[in-house]
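Biologist: Please take a close look at one part of this structure, the packing of the chain interior, and set it in the context of the whole. A connected account would serve best.

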Amino acid sequence: MLSTMENDLARILVSEEDIRTRIRELGVEITDTYRRLGAEEIAVICVTNGSIMFAADLLRQIDLYAQLDCIRVCSYQDDIKPVSVPEIVDNIRLDISGQHVLLIDDILDTGRTLERIVQVLKGFRPHSLRTCVLLDKEGRREVGHEPNFAGFTIPNEFVVGYGLDFAERYRNLGCIGILKPELQNPPEWH
Ligand code: 5GP
Ligand code: MG
Ligand code: MG
(Lines give C-alpha, C1' and ligand atoms only; values in the text may rest on other atoms or scores of the structure.)
(Ligands and ions follow the chains in the order given, each with its own letter.)
Protein backbone atom coordinates (compact mmCIF):
# COMPACT_ATOMS: atom_id res chain seq x y z
CA MET A 1 0.00 0.00 0.00
CA LEU A 2 1.35 3.41 -0.99
CA SER A 3 0.18 5.50 1.95
CA THR A 4 1.39 8.91 0.71
CA MET A 5 -1.16 9.00 -2.08
CA GLU A 6 -3.83 7.04 -0.24
CA ASN A 7 -3.82 9.73 2.46
CA ASP A 8 -5.04 12.19 -0.18
CA LEU A 9 -8.24 10.21 -0.76
CA ALA A 10 -11.60 11.05 0.77
CA ARG A 11 -12.57 7.46 0.03
CA ILE A 12 -11.61 4.37 -1.91
CA LEU A 13 -14.15 3.44 -4.57
CA VAL A 14 -12.58 0.27 -5.97
CA SER A 15 -9.91 -1.64 -4.04
CA GLU A 16 -6.80 -3.22 -5.58
CA GLU A 17 -8.21 -6.64 -4.87
CA ASP A 18 -11.55 -5.87 -6.53
CA ILE A 19 -9.69 -4.56 -9.60
CA ARG A 20 -7.60 -7.74 -9.77
CA THR A 21 -10.62 -10.02 -9.44
CA ARG A 22 -12.69 -8.17 -12.02
CA ILE A 23 -9.82 -8.10 -14.52
CA ARG A 24 -9.51 -11.88 -14.31
CA GLU A 25 -13.24 -12.17 -15.09
CA LEU A 26 -12.97 -9.71 -17.97
CA GLY A 27 -10.04 -11.68 -19.39
CA VAL A 28 -12.15 -14.82 -19.49
CA GLU A 29 -15.14 -12.97 -20.94
CA ILE A 30 -13.03 -11.40 -23.70
CA THR A 31 -11.18 -14.62 -24.50
CA ASP A 32 -14.49 -16.53 -24.78
CA THR A 33 -16.06 -13.84 -26.96
CA TYR A 34 -13.28 -13.98 -29.54
CA ARG A 35 -12.96 -17.78 -29.39
CA ARG A 36 -16.66 -18.04 -30.24
CA LEU A 37 -15.97 -15.85 -33.26
CA GLY A 38 -13.17 -18.19 -34.28
CA ALA A 39 -10.54 -15.50 -33.73
CA GLU A 40 -7.13 -16.63 -32.46
CA GLU A 41 -5.54 -13.21 -32.56
CA ILE A 42 -6.65 -9.69 -31.72
CA ALA A 43 -5.18 -6.22 -32.12
CA VAL A 44 -5.37 -4.29 -28.88
CA ILE A 45 -5.39 -0.51 -28.97
CA CYS A 46 -4.77 1.15 -25.65
CA VAL A 47 -5.69 4.79 -25.02
CA THR A 48 -2.74 6.43 -23.29
CA ASN A 49 -1.98 7.53 -20.72
CA GLY A 50 -5.01 6.63 -18.62
CA SER A 51 -5.47 3.00 -19.62
CA ILE A 52 -1.83 1.88 -19.39
CA MET A 53 -2.19 0.07 -16.04
CA PHE A 54 -5.52 -1.48 -16.97
CA ALA A 55 -4.36 -2.63 -20.40
CA ALA A 56 -1.14 -4.09 -18.99
CA ASP A 57 -3.00 -6.18 -16.42
CA LEU A 58 -5.95 -7.10 -18.65
CA LEU A 59 -3.82 -8.23 -21.60
CA ARG A 60 -2.11 -10.81 -19.44
CA GLN A 61 -5.52 -12.34 -18.65
CA ILE A 62 -6.51 -12.68 -22.30
CA ASP A 63 -5.62 -16.10 -23.68
CA LEU A 64 -5.24 -15.13 -27.35
CA TYR A 65 -2.40 -13.83 -29.49
CA ALA A 66 -2.49 -10.07 -29.11
CA GLN A 67 -0.79 -7.31 -31.05
CA LEU A 68 -0.55 -4.02 -29.21
CA ASP A 69 -0.48 -0.35 -30.07
CA CYS A 70 -1.43 2.89 -28.37
CA ILE A 71 -3.38 5.95 -29.37
CA ARG A 72 -3.13 9.27 -27.56
CA VAL A 73 -6.05 11.64 -27.35
CA CYS A 74 -6.50 15.00 -25.77
CA SER A 75 -10.00 15.22 -24.30
CA TYR A 76 -9.42 17.76 -21.60
CA GLN A 77 -8.23 21.35 -21.85
CA ASP A 78 -7.25 21.12 -18.23
CA ASP A 79 -8.06 18.32 -15.87
CA ILE A 80 -11.68 19.20 -15.30
CA LYS A 81 -13.12 20.95 -18.35
CA PRO A 82 -13.82 18.64 -21.34
CA VAL A 83 -13.37 19.77 -24.95
CA SER A 84 -16.28 18.84 -27.17
CA VAL A 85 -14.28 17.12 -29.94
CA PRO A 86 -11.40 15.08 -28.49
CA GLU A 87 -8.27 15.44 -30.59
CA ILE A 88 -6.09 12.51 -31.69
CA VAL A 89 -2.58 13.70 -30.88
CA ASP A 90 -0.73 10.45 -31.65
CA ASN A 91 -2.30 7.86 -33.93
CA ILE A 92 -1.62 4.10 -34.17
CA ARG A 93 1.18 2.66 -36.32
CA LEU A 94 -0.14 -0.93 -36.27
CA ASP A 95 -1.96 -2.11 -39.40
CA ILE A 96 -5.39 -3.12 -38.10
CA SER A 97 -7.17 -3.59 -41.43
CA GLY A 98 -9.02 -6.90 -41.44
CA GLN A 99 -8.15 -7.50 -37.76
CA HIS A 100 -10.32 -8.09 -34.71
CA VAL A 101 -9.66 -4.91 -32.74
CA LEU A 102 -10.16 -4.42 -29.02
CA LEU A 103 -10.02 -0.79 -27.91
CA ILE A 104 -9.17 -0.31 -24.23
CA ASP A 105 -9.80 2.85 -22.23
CA ASP A 106 -9.80 3.69 -18.56
CA ILE A 107 -13.15 5.38 -18.12
CA LEU A 108 -16.26 6.15 -20.11
CA ASP A 109 -17.85 9.43 -19.10
CA THR A 110 -19.74 11.43 -21.77
CA GLY A 111 -18.61 8.90 -24.39
CA ARG A 112 -17.06 11.54 -26.66
CA THR A 113 -13.50 10.26 -26.42
CA LEU A 114 -14.35 6.68 -27.29
CA GLU A 115 -16.79 7.75 -29.98
CA ARG A 116 -14.05 9.79 -31.67
CA ILE A 117 -11.46 7.00 -31.47
CA VAL A 118 -13.95 4.42 -32.76
CA GLN A 119 -14.62 6.68 -35.73
CA VAL A 120 -10.88 7.00 -36.46
CA LEU A 121 -10.18 3.26 -36.06
CA LYS A 122 -13.14 2.30 -38.29
CA GLY A 123 -11.42 4.31 -41.03
CA PHE A 124 -8.66 1.65 -41.02
CA ARG A 125 -11.29 -1.00 -41.87
CA PRO A 126 -10.84 -3.55 -39.08
CA HIS A 127 -12.73 -6.86 -39.34
CA SER A 128 -14.43 -6.09 -36.02
CA LEU A 129 -14.13 -3.42 -33.35
CA ARG A 130 -15.03 -3.87 -29.69
CA THR A 131 -14.46 -1.62 -26.71
CA CYS A 132 -13.50 -2.33 -23.14
CA VAL A 133 -13.43 0.19 -20.31
CA LEU A 134 -12.51 -0.33 -16.70
CA LEU A 135 -14.99 2.23 -15.39
CA ASP A 136 -18.36 3.33 -16.68
CA LYS A 137 -19.79 6.52 -15.13
CA GLU A 138 -23.47 6.14 -14.47
CA GLY A 139 -25.95 8.41 -16.27
CA ARG A 140 -23.33 10.55 -17.99
CA ARG A 141 -23.50 9.43 -21.61
CA GLU A 142 -23.99 12.20 -24.19
CA VAL A 143 -23.13 10.24 -27.31
CA GLY A 144 -24.26 6.75 -28.23
CA HIS A 145 -21.37 4.55 -27.36
CA GLU A 146 -21.90 1.70 -24.91
CA PRO A 147 -18.84 -0.45 -24.17
CA ASN A 148 -18.79 -4.15 -25.14
CA PHE A 149 -16.93 -4.96 -21.92
CA ALA A 150 -16.91 -2.90 -18.71
CA GLY A 151 -15.29 -3.47 -15.33
CA PHE A 152 -17.30 -1.38 -12.90
CA THR A 153 -20.15 1.10 -13.00
CA ILE A 154 -19.33 4.06 -10.75
CA PRO A 155 -21.21 7.17 -9.61
CA ASN A 156 -20.55 10.57 -11.19
CA GLU A 157 -17.47 11.54 -9.18
CA PHE A 158 -14.01 12.55 -10.35
CA VAL A 159 -11.80 9.56 -9.63
CA VAL A 160 -8.05 8.97 -9.56
CA GLY A 161 -5.73 5.98 -9.34
CA TYR A 162 -4.82 2.89 -11.36
CA GLY A 163 -3.84 5.00 -14.37
CA LEU A 164 -6.30 7.86 -13.84
CA ASP A 165 -4.71 11.17 -12.94
CA PHE A 166 -5.38 14.52 -11.43
CA ALA A 167 -2.82 17.01 -12.82
CA GLU A 168 -0.71 13.94 -13.84
CA ARG A 169 -0.57 12.64 -10.29
CA TYR A 170 -2.02 9.45 -8.76
CA ARG A 171 -1.63 7.20 -11.82
CA ASN A 172 0.54 4.86 -9.76
CA LEU A 173 -2.00 4.50 -6.96
CA GLY A 174 -3.12 0.85 -6.84
CA CYS A 175 -6.77 1.47 -6.04
CA ILE A 176 -9.33 3.89 -7.47
CA GLY A 177 -10.63 6.63 -5.23
CA ILE A 178 -12.05 10.10 -4.80
CA LEU A 179 -9.69 12.89 -3.74
CA LYS A 180 -10.33 14.96 -0.64
CA PRO A 181 -12.26 18.07 -1.74
CA GLU A 182 -9.47 20.44 -0.72
CA LEU A 183 -7.09 18.58 -3.09
CA GLN A 184 -9.41 18.63 -6.10
CA ASN A 185 -9.13 22.39 -6.33
CA PRO A 186 -5.73 23.48 -5.12
CA PRO A 187 -5.61 27.29 -4.75
CA GLU A 188 -2.69 27.67 -7.19
CA TRP A 189 -4.99 26.51 -9.99
CA HIS A 190 -7.08 29.67 -9.88
P1 5GP B 1 -15.48 11.24 -22.09
O2 5GP B 1 -14.95 11.66 -23.42
O3 5GP B 1 -16.14 9.86 -22.11
O4 5GP B 1 -16.34 12.26 -21.44
O5 5GP B 1 -14.24 11.18 -21.12
C6 5GP B 1 -13.37 10.17 -21.16
C7 5GP B 1 -11.99 10.62 -20.74
O8 5GP B 1 -12.02 11.69 -19.79
C9 5GP B 1 -11.32 9.47 -20.07
O10 5GP B 1 -10.59 8.69 -21.00
C11 5GP B 1 -10.45 10.14 -19.02
O12 5GP B 1 -9.21 10.44 -19.59
C13 5GP B 1 -11.17 11.43 -18.69
N14 5GP B 1 -12.02 11.28 -17.47
C15 5GP B 1 -13.36 11.19 -17.40
N16 5GP B 1 -13.79 11.06 -16.13
C17 5GP B 1 -12.67 11.06 -15.37
C18 5GP B 1 -12.44 10.93 -13.96
O19 5GP B 1 -13.33 10.79 -13.12
N20 5GP B 1 -11.14 10.98 -13.54
C21 5GP B 1 -10.09 11.13 -14.40
N22 5GP B 1 -8.88 11.16 -13.88
N23 5GP B 1 -10.27 11.24 -15.74
C24 5GP B 1 -11.55 11.20 -16.21
MG1 MG C 1 -8.50 8.85 -21.13
MG1 MG D 1 -6.30 12.91 -17.28
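Modeller: Among contacts in the protein chain between residues at least 6 apart in sequence, 66% join residues at least 24 apart. The model from which this value is computed is a predicted one. Of the chain's 190 residues, 31% count as buried. For a compact globule of 190 residues one would expect a radius of gyration near 16 Å, and the 17 Å of the protein chain agrees with this. Along the principal axes, the C-alpha atoms fill a box of roughly 50 × 35 × 30 Å.

The chain is built from 5 helices and 9 strands, which follow one another along the sequence as α-β-α-β-α-β-β-β-α-β-β-β-β-α.

The interior itself is best approached through its largest nonpolar core, which has 43 residues. Those that touch the most other members are Val44, Ile45, Val101, Leu102, Leu103, Ile104 and Tyr162. Leu102 may be followed individually: leaving aside residues up to four places away in sequence, Leu102 touches Ile30, Ile42, Val44, Arg130 and Cys132. Helix α3, residues 52-59, offers a second view of the packing, with Met53, Phe54, Ala55 and Leu58 as its buried residues. The partners against which these buried residues pack are α2 (16-36), β2 (41-48), β5 and β6 (128-137).

Strand β5 also leads to the ligand, since the largest share of the shell around ligand 1, 4 residues, comes from β5. There are 19 residues around ligand 1, and Asp109, Thr110, Arg112, Thr113 and Leu164 come nearest. Two or more residues of this shell are given by each of β4 (82-90), β5 (100-108), α4 (112-122) and β8 (159-160). By character, the shell around ligand 1 divides into 9 nonpolar, 5 polar and 5 charged residues.

Strand β8 in turn belongs to an open sheet of 3 strands, in the order β1-β9-β8 with antiparallel pairing. Both β1 (9-14) and β8 stand at the edges with a single partner strand each, so one side of each has no neighbour in the sheet. The antiparallel pairing of β1 with β9 (residues 176-179) extends over 4 bridges, and Val14 stands opposite Ile176 in β9.

Notes: Residues numbered from 1 in each chain as written. Chains lettered and ligands numbered in written order. Predicted model: local features only at pLDDT ≥ 70, side-chain atom pairs only at ≥ 80, totals over all residues. Near = placed C-beta within 6 Å. Nonpolar A, V, L, I, M, F, W, Y, C, P; charged D, E, K, R; others polar. Rg over C-alpha atoms; globule rule 2.2 N^0.38 Å. Buried ≥ 20, exposed ≤ 12 C-beta atoms within 10 Å, placed from the backbone. Contact = placed C-beta atoms within 7 Å. Core = buried A, V, L, I, M, F, W, Y, C linked by C-beta atoms within 7 Å. Pairing = 2+ DSSP bridges.
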